[in-house]
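Me: I have a structure on my screen and would like to understand the words used to describe it. Could you go through the reasoning with me?

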Amino acid sequence: MKNIRNFCIIAHIDHGKSTLADRLLDFTGTVTAREQQDQLLDNMDLERERGITIKSHAIQMDYTYKGEEYVLNLIDTPGHVDFSYEVSRSIAACEGALLIVDAAQSIQAQTISNLYLALENDLEIIPVLNKIDLPSANPDEVTDDIVDLLGCTPEEVIHASGKTGFGVDTILQAIIEKIPAPKGDVNQPLQALIFDSVFNSYRGVETYFRVLNGEIKKGQRIKFMSTNNEYFADEVGTLKLNQVAKKSIKAGDVGYLITGIKTASEVKVGDTITDAKNPTQHAIDGFEDVKPMVFAGIYPVDTDDYEELRNSMEKLQLNDASLVFTPESSAALGFGFRCGFLGMLHLEIIQERLEREFDMTVITTVPNVSYHAYTHKQPETPILVNNPSDLPEPSKLNRVEEPFIKASIITKSDFVGPVMSLCIEKRGQITAQTYLTPERVELTFDMPLAEIVFDFYDRLKTVSKGYASFDYHPIGMKASKLVRVDILLNGQSVDALSALIHADNAYSIGKKMCEKLRQLIPRQQFDIPIQAAIGAKIISRETVKALRKDVTAKCYGGDISRKRKLLEKQKKGKKRMRQVGNVEIPQQAFMAVLKLND
């Protein structure tokens with residue numbers, strides 16, 4: 001066990017985690033020249049195109065150092081804030097972490113939040129300054145920032161380049177010398193942490209785990225502690241570039257397990273695997289069910305595709321257990337699904353994967369978060385409101401609570417003013433302002449999650465000219481003054497456009513929605529009133545004027561009453577038409593509601 005090292009790579013988005021992982025694999029000879037390609041561990045097309053890691057990946061490397069053979073287990077983690085639970089489980093499976101900082105961009109928000117996660121788990125941190133070969137790199141200044149953050153010496157910061165492979169040997173040397181060997185007892189009952197799972201259409205769910213105590217053997221009867229389900233370990237092994245089957249995996253090592261499980265939801269990230277006959281008494285701390293933060297409705301464009309969409313969603317869920325969906329129907333859009341996502345990036349990726357991998361064209365409704373509503377009858381029992389239409393009537397409502405987050409934004413000191421005014425506009429309250437260096441400021445806000453769901457991130461990048469990084473974590477529910485704004489078209493409510501909005505902003509948002517819809521809804525043969533309402537009170541109105549024929553064209557002069565008669569006749573016809581007329585809402589109208597500030 002003393003020759004095993006388990007480590008992960010943590011960094012902000014786009015600081016070069018996957019590229020540096022490629023160089024480590026090349027240097028240790030894990031990958032042959034033929035198998036080599038950029039972003040080797042990112043095996044999804046979407047990951048390569050966007051240059052982001054969506055799922056964490058594990059791989060084992062063998063390395064000889066000073067005549068001794070070492071086994072290095074690397075876990076590459078996603079950098080985006082939506083996947084922070086996955087990062088926390090990967091960190092719990094390791095003893096050390098490479099903290100990678102871009103020499104051109106310096107320390108950013110997720111660098112700090114992932115660093116704190118690693119420090120909470122008592123990991124040994126190895127600071128790496130990446131991309132030093134860039135012309136815009138500023139190694140001396142960024143090294144000073146890292147020294148201030150970690151309290152290490154400038155000599156401990158390893159200079160490297162993921163592109164050229166410079167400094168990779170120094171990193172491997174530091175991994176072996178600084179990261180402690182795993183502790184654990186092979187003779188104790190089996191105790192292993194699940195940090196990831198992937199679905200293989202031929203073999204069922206493959207579970208990736210790290211053994212803390214005991215050993216797991218092929219053919220052994222095992223139990224998952226959170227679900228209490230028992231399985232046979234049909235195959236265990238280690239994760240090279242391809243899986244290598246083994247007889248057993250002992251304490252301290254990382255491996256994969258195949259038990260023939262067909263549903264991904266049975267394998268929960270963060271769960272503990274133990275022996276069915278001689279179980280451990282202690283589950284590993286930190287396990288929690290992944291909670292969706294953002295909800296949106298996904299509907300097929302053609303209602304006949306509903307069953308096909310269900311099959312596609314089920315297949316997607318096998319690869320991404322954090323996707324939650326339940327069937328729902330809408331008067332405007334027909335049958336579809338109410339889906340829960342970890343954040344806006346997760347929603348975008350699911351939508352894109354549905355279109356690419358399953359050829360499904362879908363309509364996504366306005367994303368929202370889930371609220372707790374309390375009625376006068378039961379002021380203690382919360383009603384979960386995932387959809388604005390679930391909100392009880394205003395007369396029965398006691399209070400509504402919404403989820404709040406602690407947001408940390410790191411930006412240049414020149415942009416503190418615009419960033420603050422943006423956050424205050426989004427109902428944020430500033431709790432701390434720290435100058436990391438004379439040029440860089442960390443601002444901490446408490447703000448409602450609902451406010452960052454729409455366009456917050458885009459606007460933050462705009463006001464800071466791209467120099468702000470953003471990170472958040474939930475801090476619980478707080479009571480808020482929320483109202484439901486309904487949109488009525490031709491007097492009928494369109495449930496897909498309803499939204500829960502803070503009472504102070506309801507009037508201005510209702511007005512903007514009506515104006516936006518007036519531009520997007522095509523003219524019909526009759527007038528279409530577009531109204532925004534809170535309960536029975538109309539707060540704003542716009543009208544899409546009717547297309548009309550010039551019925552008075554044939555009257556040249558003569559008595560006015562003849563013209564009047566023709567116009568009155570036309571008016572009656574339009575009125576009758578309006579009673580039976582149907583208004584088609586184009587797909588852009590649903591999406592445009594998200595971009596009210598454009």
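Me: Which residues in helix 1 are buried?

Reply: Happy to help, and please keep in mind that this is a predicted model. In helix 1, the buried residues are Lys17, Ser18, Leu20, Ala21, Asp22, Arg23, Leu24 and Leu25.

Me: What makes helix 1 mostly covered?

Reply: Helix 1 spans residues 17-27, and eight of its 11 residues are buried. Buried stands for a relative accessible area under 20%. Just after the helix comes Gly29, with a positive phi near 75°.

Me: Why are helix 1 and helix 6 called roughly perpendicular to each other?

Reply: Their axes cross at roughly 85° and come within 10 Å, helix 6 being residues 168-178. Angles of 65 to 115 degrees count as roughly perpendicular, and therefore this pair of helices gets that description.

Me: Which residues of helix 1 and helix 6 meet?

Reply: From helix 1 there are Leu20, Arg23, Leu24 and Phe27, and from helix 6 Val168, Asp169, Ile171 and Leu172. The residues of this contact divide into six nonpolar, two charged and no polar.

Me: How many residues of strand 4 are buried?

Reply: Seven of the seven residues in strand 4 (residues 96-102) are buried, so the strand is mostly covered by the under 20% cut-off. Gly96, Leu98, Ile100 and Asp102 point one way, while Ala97, Leu99 and Val101 point the other way, and all are buried.

Me: What makes strand 1 and strand 4 a pair?

Reply: A pair needs at least two bridges. Strand 1 (residues 4-10) and strand 4 have four bridges, in the parallel sense. Within this pairing, Ile10 stands opposite Leu99 of strand 4. Strand 4 is also joined to strand 5 (residues 124-130) by seven bridges, and these two strands run parallel. Ala97 has Ile125 of strand 5 as its bridge partner.

Me: Why do Cys8 and Cys94 not form a bond?

Reply: The sulfur of Cys8 is 4.1 Å from its closest cysteine sulfur, in Cys94, which is too far for a bond. A disulfide needs the two sulfur atoms within 2.5 Å. Looking from the other side, the closest cysteine sulfur to that of Cys94 is the one in Cys8, again at 4.1 Å and too far for a bond. The structure holds zero disulfides.

Me: Are Cys8 and Cys94 buried or exposed?

Reply: Cys8 has 0% relative accessibility and counts as buried. Cys94 is buried too, with a relative accessible area of 6%. Each value can be set against the cut-off of under 20%.

Me: What makes Asp359 exposed?

Reply: Exposed begins over 50%, and Asp359 has 69% relative accessibility, so Asp359 counts as exposed. Asp359 lies in the loop between helix 8 (344-358) and strand 20 (362-364). Its phi is near 55°, a positive value in a residue other than glycine. Lys131 is also a residue other than glycine with a positive phi, near 60°. Lys131 sits in the loop between strand 5 and helix 5 (139-150).

Me: Which strands stand at the edges of the eight-stranded sheet, and why?

Reply: This open sheet has the order 11-10-16-7-8-15-12-13, with antiparallel pairing. Strand 11 (230-232) and strand 13 (243-246) each have a single partner strand, so one side of each is left without a neighbour in the sheet. From one strand to the next, the twist averages 40°. At one end, strand 10 (residues 221-224) pairs with strand 11 in the antiparallel sense over three bridges, and Lys223 stands opposite Glu230.

Me: Which strands are at the edges of the four-stranded sheet?

Reply: The order here is 18-19-17-20, again an open sheet with antiparallel pairing. Strand 18 (324-330) and strand 20 stand at the edges, because each has a single partner strand. Seven bridges join strand 18 to strand 19 (residues 334-341), and they run antiparallel. Glu328 has Gly336 in strand 19 as its bridge partner.

Me: Where does helix 8 lie?

Reply: Helix 8 lies across strand 17 (294-300), strand 19 and strand 20, running at about 165° to strand 20. Angles over 145 degrees count as roughly antiparallel, so that word fits helix 8 and strand 20.

Key
Residues are numbered from 1 along each chain as its sequence is written. This is a predicted model: local features need pLDDT of at least 70, side-chain atom pairs count only at pLDDT 80 or more; totals for chains, interfaces and linings use all residues. Side-chain values use heavy atoms; hydrogens and water are left out. Buried means under 20% relative accessible area, exposed over 50%, partly exposed in between (1.4 Å probe, protein chains only). Axes are lines fitted to C-alpha atoms, for helices over the stretch in contact, and angles run from 0 to 180 degrees between N-to-C directions. Angles under 35 degrees count as roughly parallel, over 145 as roughly antiparallel, 65 to 115 as roughly perpendicular and the rest as oblique. Contact means heavy atoms within 4.5 Å. Ala, Val, Leu, Ile, Met, Phe, Trp, Tyr, Cys and Pro count as nonpolar, Asp, Glu, Lys and Arg as charged, and the others, Gly among them, as polar.
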